[in-house]
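Please look over the model below before reading on. My notes follow as numbered points.

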Amino acid sequence: MKISARNSLEGTIKEIVKGATTSHVEIELKGGGVVTAAITNEAVEDLKLAKGQKAYAVIKASDVMVAVP
């Protein structure tokens, strides 16, 4: 599969927390960090997502913000 997004992070699904219409999918990255995606429950079902499955966090954004303490 090819996509236009420049940022994709490979990892493993750590947790899927389903809400009424939206699920939060936690993807643990190879370096130990975790990225959480909010997607529809329908997308979780269509993609057949499961804990322990290999997945990619694909980030498409036109702006990146930086903050310092």
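**Asn41 and the sheet**

1. Asn41 counts as buried, with a relative accessibility of 12% (buried is under 20% relative accessible area, exposed over 50%, partly exposed in between, with a 1.4 Å probe and protein chains only). The model is predicted: local features need pLDDT of at least 70, side-chain atom pairs count only at pLDDT 80 or more, and totals for chains, interfaces and linings use all residues. Residues are numbered from 1 along each chain as its sequence is written, and side-chain values use heavy atoms, without hydrogens and water.

2. Asn41 lies in helix α1, residues 41-46 (helices are DSSP runs of H or I, at least four residues; strands are runs of E, at least two; both are numbered from the N terminus). The side chains of Asn41 and Ser23 share a polar contact of 2.5 Å (a pair of N or O atoms within 3.5 Å, where within protein one must be able to donate a hydrogen and the other to accept it, and residues adjacent in sequence count only if both atoms are side-chain atoms).

3. Ser23 belongs to the face of β2 that also carries Val25, Ile27 and Leu29, which are buried. Thr22, His24, Glu26 and Glu28 point to the other face and are not buried. In β2, Ser23 is the bridge partner of Lys18, and Val25 that of Ile16.

4. The open sheet has four strands in the order β3-β2-β1-β4, with antiparallel pairing (two strands pair if DSSP finds at least two bridges between them). β3 (34-40) and β4 (54-59) are at the edges with a single partner strand each, so one side of each has no neighbour in the sheet.
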